[in-house]
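User: I'm new to this structure and would like to learn how to read its main features. Could you walk me through them?

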Amino acid sequence: MHFLELPLVFFTVLAQCAVGGYLMVIAHLNSIPDGKQRRLVAVKTIFFVLAFMTIGFASSTMHLGSPLRAFNSLNRVGGSGLSNEILTGSIFFALTGCYWLTEVCHKSKQRFRSLLRYLAAIAGIIFMAAMVKVYLIETVPLWDNIFTPLDFIFTVMTAGVLFGSLLLNVFGGSNTNANKRMAAFGLLIIGLHFIVIIIRTISFSSIATSIHQATTNLQAYMPMIIIQCVLMLLAGWLWMRAINSEKKQVTMLLSLAFVAIFVAEIFGRGTFYGMHFTVGLL
């Protein structure tokens, strides 16, 4: 993987963590009976969701060479996948930020805050769909397949859910039963993701063009795939340990699990970009 692709690696993973974390947080907010506690949890957790999106957008502008070129990416909204991705991501960021401000100020009606909360969730899902669409390119055989949307969705549902679970535990928005439900869901998705990685790696042997063979690239990136799988298993083990540990240890174990799954996704996304080749002569 070339160094110039690292900004895209971090942008996609951070954005997917932010969307997954946001969806997990809002799914559990209504289970907090105390209105004041619910508002405090929303303010603190969504601040970090916005921070991840901010870092992700800042990283994406580095790929353009100059942050000022970011405005040019909106020139073909509707006709360009990249323009649609930036637009939908900006809408998700704006709606999430507006919802966060309404919770901070606590002056608007509950119905309006709930509307913004769910509009941001819908925008986040649309943003993820637009991001997937960017990479379904017919001339890139290793991207134009079912594994691309699966890879992105699994990041949202593993790293994102774990991110949300961590935030909820740090700021007092979760409990033992909720932790067990989130862990059961997350561990199931990690297992499915692990299986899909194996199937995808095996499928590389059947992809080739007149001058490129996927197996040639695979030899160079196999260590990264192995590291990704090991870190995923480590994250799953730590997550499982967290739900069976004392309350004081839960946050620490969830933090370690999130670091492991986040780094695993970085390696996985690095492999995704590194395996790129086209059906032409380039």
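Analyst: Let's go through the fold, the burial, two residues, and then the empty spaces. This is a predicted model, so local features need pLDDT of at least 70 and side-chain atom pairs count only at pLDDT 80 or more, while totals for chains, interfaces and linings use all residues. Residues are numbered from 1 along each chain as its sequence is written, and side-chain values use heavy atoms, with hydrogens and water left out.

User: How many helices and strands are there in the protein chain?

Analyst: Helices (H or I, at least four residues) and strands (E, at least two) are DSSP runs, numbered from the N terminus. Here you get eight helices and zero strands. Going along the sequence, the pattern reads α-α-α-α-α-α-α-α.

User: What share of the residues count as buried?

Analyst: Buried means under 20% relative accessible area, exposed means over 50%, and partly exposed is in between (1.4 Å probe, protein chains only). In this chain of 282 residues, 50% count as buried. As for the surface, areas come from the Shrake-Rupley method with a 1.4 Å probe, and for residues only the protein chains shown count as cover. The chain exposes about 13,700 Å², and carbon and sulfur atoms supply 70% of that.

User: And what do contacts tell me about this chain?

Analyst: A contact means heavy atoms within 4.5 Å. Take the contacts with a separation of 6 or more: 79% of them are between residues 24 or more positions apart.

User: Which residues is R117 in contact with, leaving aside its neighbours within four places in sequence?

Analyst: R117 sits in helix 4, residues 110-135. Its contacts are Y22, I26, L29, N30, Y99, E103 and Q110. R117 counts as buried because its relative accessibility is 1%.

User: Is T102 buried or exposed?

Analyst: T102 has 12% relative accessibility, so it counts as buried. You'll find T102 in helix 3, residues 81-105. Not counting residues up to four places away in sequence, T102 touches K107, S108, F112, R113 and L116.

User: How many disulfides are there?

Analyst: A disulfide is a pair of cysteine sulfur atoms within 2.5 Å. By that rule the count is zero. If you look at cysteines anyway, C17 is buried at 0% relative accessibility, whereas C105 is partly exposed at 47%.

User: Now the empty spaces. How do I read a cavity or a pocket?

Analyst: Picture a 1 Å grid over the protein atoms alone: a cavity is a set of points where a 1.4 Å probe fits but cannot get out, while a pocket is an open set with protein on both sides within 12 Å along at least five of seven lines, and lining residues have an atom within 4 Å of a point. Points are joined across faces, edges and corners, and the volume is the space filled by probe spheres set on them. Here there is one cavity of 30 Å³ or more. The largest cavity holds about 90 Å³ of space, and its lining includes L142, W143, R200 and M275. Helix 5 (147-170) and helix 8 each give two or more residues to that lining.

User: What volume does the second largest pocket have?

Analyst: About 230 Å³. Among its lining residues are N169, S174, K247 and T251. Helix 6 (176-203), helix 7 (214-243) and helix 8 (247-274) each supply at least two lining residues, and the largest share, three residues, comes from helix 8.
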